[in-house]
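Here are some short exercises to work through with the model open beside you. Try each task before reading its solution.

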Amino acid sequence: MMIFGRGHSSRLAVVAIIGEPAAACRCFRVAAELRERVLARARSDKSLARFDRIALVLSGGAALGAYQAGAYAALENRGVRPNWIAGTAIGAINGAIIAGNLPHERVLRLRQFWQELSRRAAARSGRGVKGSLRQFVASCTARWRGPTSDVQYEDAVIQAGELRDLVQGAVDFDRVNSGAVRLVLGAVNLITGAETYFDNDRHVIGPDHVLASTALPGLAPIVIDRQRYGGSAVSVAALDDARPADTLCFVIDGYDPVPGARGGISRSAREIAALRRNHDLRRMIALLGERVPLALQGNADIRRCLAEASSATMTILHLVHEGNPVELAAKSADFAMPALMRRWQAGENDVTTSLAHPLWLAPPPRRLGAVVHELRGGVAAPPR
């Protein structure tokens, strides 16, 4: 056997095994794959330089939220660090953990949280999967019934006090409120039915705000300022209030139905479409403004119109783990560690695939304010 390499060098050692061509081929294939990953990272790093804002939008899905954690782990591994995060439901917890830790600690804290959540859920799951599923369905309806609900919250996947302890142990709220990373948590006001956003640019975020935005199976609503909150708002909509800036936005959905007659109602797709229309309109106003004669630019009505113009662009990468509603409730209630690990790995794989795509990080055409690319179950959808 001949080995060519340099001790502890970071360069991959090339191994040629005499009389074993198959082994040699495997070695060279691994070397080629490593080289391609290095080149892909270099391409994405160059493409990322044009973005002023890296946004991360995390939705619900209970146990499917492990997919979001894996997706962030891949972003961190590539050096892609969001400076603007919106989260709702389980995405509120993931988002708070990311915003509430130093960059090099975030993946560890996410992993510890999901491992401990799985352990505690397993300890309470003596009633089995059927019991967990029944409680998940009951709790989702109970959050809308009001204080007369007879749901037994002691049968929750995890008790509210335990979840509060986990969140407080995983999140440094002083760091969250420092504003180093913008954090917006979406919840629903169960009294008015209105969607509410807790924003660390306007609020002092604490554990109650995270729990109010979280809709894990069996959790009771959270009361803040005499208002009852629970469950899941649309996180994408929060980007509408952000100042215009060249943005790369990762929308990470543990579950999102395929839109259309054969699919379901995709809230993310609906909000992404509205966001895209707004950005395209602002971009077209900017292009029209370039053609307005100087003599007309002083007109008050024209000035008001041109004030809505923006040359900023947005690239949205929409990553979806589950699009099939079959057994969705059971999957959402499955906190077993093997299932969480599969979802975590799927999230890592999908982000790696997205960042390696040769066209997805390219600037959109000049006439467009936003472009959307979608990956569902690891498969790229046609561009929209």
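Two strands count as paired if DSSP finds at least two bridges between them. Keep in mind that this is a predicted model.

**Exercise 1.** Find which residue in S9 stands opposite Ala55, and place the two strands in their sheet.

*Solution.* Start with the pair itself: Ala55 faces Cys249 of S9. Next, look at the strands around it: S3 (residues 53-58) and S9 (residues 247-255) run parallel and are joined by 6 bridges. Then widen the view: the open sheet has 8 strands with mixed pairing, in the order S6-S5-S4-S3-S9-S10-S11-S12. Finally, check the edges: S6 (195-199) and S12 (379-380) each have a single partner strand, so one side of each lacks a neighbour in the sheet.

**Exercise 2.** Work out which strands helix H2 lies across.

*Solution.* Helix H2 (residues 66-77) crosses S3, S9 and S10 (314-322), at about 150° to S9. Now turn to helix H3 (residues 90-99), which packs on the sheet and touches S3, S4 (84-88) and S5 (182-188).

**Exercise 3.** Decide whether Asp199 is buried or exposed, and describe its salt bridge.

*Solution.* First, the partner: the side chains of Asp199 and Arg182 meet with an N to O distance of 2.7 Å. Second, the location: Arg182 sits in strand S5 and Asp199 in strand S6, so the bridge ties together parts 17 residues apart in sequence. Third, the accessibility: buried means under 20% relative accessible area, and Asp199, at 3%, is buried.

Notes
Residues numbered from 1 in each chain as written. Predicted model: local features only at pLDDT ≥ 70, side-chain atom pairs only at ≥ 80, totals over all residues. Heavy atoms only, no water. Helix = DSSP H or I, 4+ residues; strand = E, 2+ residues; numbered from the N terminus. Contact = heavy atoms within 4.5 Å. Axes fitted to C-alpha atoms, helices over the stretch in contact; angles between N-to-C directions. Salt bridge = Lys/Arg side-chain N within 4 Å of Asp/Glu carboxyl O. Buried < 20%, exposed > 50% of the residue type's maximum accessible area, 1.4 Å probe, protein only.
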